[in-house]
Amino acid sequence: MADNNNLIVYCEFDEGKIADVSLELLTKGRQLASELGVKLEAIVIGDKLDGVEEQLFPYGVDTVYKVEDKRLYPYTSNPHAAVLINLFKEIKPQICLMGATCIGRDLGPRVSSCLHSGLTADCTALEIGDHKDPKTGKEYQNLLYQIRPAFGGNIVATIVNPDCRPQMATVREGVMKKEVFDPAYKGEVINLDPKKYVSDTDFVVEIIDRHIEKSKINIKNSPIIVAGGYGVGSKENFQLLHELAATLGGEVGASRAAVDAGFTEHDRQIGQTGVTVRPKLYIACGISGQIQHIAGMQESSIIISINNDPNAPINTIADYVITGDMEEVVPKLIKYYKKNSK
Amino acid sequence: MSLNIIVLAKQVPDTRNVGKDAMKEDGTINRAALPAIFNPEDLNALEQALRLKDANPGSTVTLLTMGLPRASEIIREAIFRGADGGIVLTDRALGGADTLATSYSLAQAVKKFGNYDIILGGRQAIDGDTAQVGPQIAEKLGIPQVTYAEEILDLSNGTVTVKRRLESGVETVKAPLPCVVTVNGSAAECRPRNAKRLMRYKRAVSPSEKAKLSESEQAFVDAHPYLQLQEWSAAYVDADPEQIGLPGSPTKVKAIENVVFTAKESRRMDNNDEQIEELIKELIANHTIG
């Protein structure tokens, strides 16, 4: 199948800003579109979209579609889905990328179901490659490889959508890097008439109340992360991690097991189903190192693992391994930092 | 007002403990080889359903699941906790389905079920973590969806009011019935088994389970209709063979790999004061900290 159609990124827009995850996807999208020799397109749906293209062009966007209507903000499922479904029937993108956010994970499935196109959630890598169907022997060129951990992170699967378009994928915030392509890049803007893409009957769900609070926890941008796992043992012991983080000027993160056990809040979860981080120092306390966790922190510059178990899997990727009880080791780290820092 | 409530649930492998033999050669999951549990967030959804039933006497809660015949285990579990009955959609032809083929099959089962007011389900299942089947079923049925629900605040006059827990805060929305609501793990925990219900329903079986019982046990089930769980096939729900199972799945698994991370040469130390102080000094010296 020769596919000269374009790649489109659904961009989230709130309080005058394009979401980081959308810019990260544009960065990846630019790279993939260049490899395929097609255009990179972006779509923004909402209200007060004046000048939003200026935030997008530097990422190498060739076409910005804008759909503006005050009822399209804040996001609700059916109207945004209707816009994408109707637009995609027209422009037939070969690839559509979205953030694996509360919005993207609500919207993507609805669109893919209607268009009968495959959707892969929470990809950790996207590549272009060929594929031969093992049963029919049919060969496909330049498919999107949608690579994601599966099965609680125990395996990594490469998914392809050989026959259906668009090939859709969601990616979590922080997984891809955000990089300006060319500050002077200019593309075109296409304003779409909302009436042509969404009907009044799509506005079925009414937002009664909205309390949007930006999370106070900012692990993604913290240069130092002290993370705790199930081995930390209790909410009380997590307090020790907070002390160490405060001493070093870092943030506290957690593995999924620690969050599931109720030791700390979900906003701190690092890994495939949480945040991906790349701090300069990562101190893993009582974390065994499930693949789904490692996937979210392996690019940290320096990794220290504190664990009772000398054979904890995370130790293989650690620069320093301290075998011992975190309840004893963490206070020592605090003590010797205070003693040696000016 | 009495309601017909459907709860979508999935029996999932306990992903905390799996090895490579858990995957078949075609890249799909070898479910038969793994310990199976009630998907955690589906229990949160069941609790919301049971609360609606408590508030609206005369309502029924029916569990709908797709899987192997042994998925009737989670139907019994749901009945012990308060559900009225359940259906296992099970068929070899459904195997290897991706989320789209799964949602098509379940939507067909919902249509076969007929009259329903609200469909509840967990936000996502722990084996795939995709969160796609709920919204896709809503689309297939042509009804609205409310995802990331934490609590159903009200259901009256043909609408449901739901508190949603999002990454950036809380939103309260009102949707017309019928609709699909997917429930977060942050919602209320499911009530435990009820001892009386456990006694009454512990011998409830599906047709394939019943076939393995002795004649007298089978006669007992025949004489007690409330012990008969339902099993539906793909043909029974009028599913198009082209849209189910592997053939109906637009996504294909190209490759499966066990993950291997590049091992580093780690420096190992014990919980020893001197070594820990040495490490701290080193990190300060190379400006990692301080």
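Which residue stands opposite A:Ile159 in strand 12 of chain B? In this predicted model, the residue opposite A:Ile159 is B:Val253, and the legends below begin with the strands to which this pair belongs.

**Figure 1. Strand 10 of chain A and strand 12 of chain B are joined across the two chains.** Strand 10, residues 155–160 of chain A, runs antiparallel to strand 12, residues 252–258 of chain B, and 6 bridges join them. Within this pairing, A:Ile159 and B:Val253 stand opposite each other. The wider meeting of the two chains brings 73 residues of chain A into contact with 67 residues of chain B. On the side of chain A that touches chain B, 35 of the residues are nonpolar, 23 are polar and 15 are charged.

**Figure 2. The largest nonpolar core has 126 residues.** The residues with the most contacts inside this core are A:Ala42 and A:Leu56 from chain A, together with B:Val7, B:Leu46, B:Leu89, B:Leu106 and B:Val181 from chain B. The element that gives the most to this core is helix 3 of chain B, residues 99–113, with 7 residues. Another core, of 50 residues, lies apart from it, and A:Val226, A:Leu240, A:Leu241 and A:Phe263 are among its members. In soluble globular proteins, nonpolar side chains tend to be buried together.

**Figure 3. A close-up of A:Ala42 shows its contacts with residues farther along the sequence than four places.** Once the neighbours within four places in sequence are left aside, the contacts of A:Ala42 are A:Ile8, A:Val9, A:Cys11, A:Leu26, A:Leu56, A:Val61 and A:Val64. Of these partners, A:Leu56 is also listed, as is A:Ala42 itself, with the residues that have the most contacts inside the largest nonpolar core.

**Figure 4. Strand 5 of chain B is paired with strand 4 of chain B and with strand 11 of chain B.** Strand 5, residues 85–89 of chain B, is mostly covered, with 4 of its 5 residues buried. Strand 4, residues 60–66 of chain B, pairs with strand 5 of chain B in the parallel sense over 5 bridges, and B:Leu63 has B:Gly86 as its bridge partner in strand 5 of chain B. Between these two strands the chain passes through helix 2, residues 72–81 of chain B, in a β-α-β crossover that is right-handed. Strand 11, residues 230–232 of chain B, also runs parallel to strand 5 of chain B and is joined to it by 3 bridges, with B:Glu231 standing opposite B:Val88.

**Figure 5. Strand 14, helix 6 and strand 15 of chain A make a right-handed β-α-β unit.** The helix of this unit covers residues 235–248 of chain A, while strand 14, residues 224–228 of chain A, runs parallel to strand 15 of chain A and is joined to it by 4 bridges. In strand 15 of chain A, A:Glu251 is the bridge partner of A:Ile225. A:Glu251 and A:Gly253 point one way from strand 15, residues 251–254 of chain A, whereas A:Val252 and A:Ala254 point the other way, and all are buried.

**Figure 6. B:Gly134 has its place in helix 4 of chain B, residues 133–141.** B:Gly134 counts as buried because 31 other C-beta atoms lie within 10 Å, where 20 or more are required. Although B:Gly134 and B:Thr182 are 48 residues apart along the chain, their C-alpha atoms are separated by 6.4 Å. Beyond its neighbours within four places in sequence, B:Gly134 is in contact with B:Gly121, B:Gln145, B:Thr147, B:Val180 and B:Thr182.

**Figure 7. A:Ile314 lies in the loop between strand 17 (302–307) and strand 18 (320–323) of chain A.** A:Ile314 is classed as buried because it has 27 C-beta neighbours inside 10 Å. Its contacts, leaving aside neighbours within four places in sequence, are A:Ala284, A:Ile287, A:Ser288, A:Gly289, A:Ile294 and A:Ser305.

**Figure 8. Helix 3 of chain A covers residues 77–91.** From first C-alpha to last, the 15 residues of helix 3 of chain A reach 21 Å, close to the 21 Å expected at 1.5 Å a residue. Among the buried residues of helix 3 of chain A are A:Pro79, A:Val83, A:Leu84, A:Leu87 and A:Phe88. Just after helix 3 of chain A comes A:Lys92, which takes a positive phi of about 45°.

Note on methods
Residues numbered from 1 in each chain as written. Chains lettered and ligands numbered in written order. Predicted model: local features only at pLDDT ≥ 70, side-chain atom pairs only at ≥ 80, totals over all residues. Expected span 1.5 Å × (residues − 1). Buried ≥ 20, exposed ≤ 12 C-beta atoms within 10 Å, placed from the backbone. Contact = placed C-beta atoms within 7 Å. Nonpolar A, V, L, I, M, F, W, Y, C, P; charged D, E, K, R; others polar. Pairing = 2+ DSSP bridges. Core = buried A, V, L, I, M, F, W, Y, C linked by C-beta atoms within 7 Å. Right-handed = clockwise from strand over helix to strand, strands pointing away.
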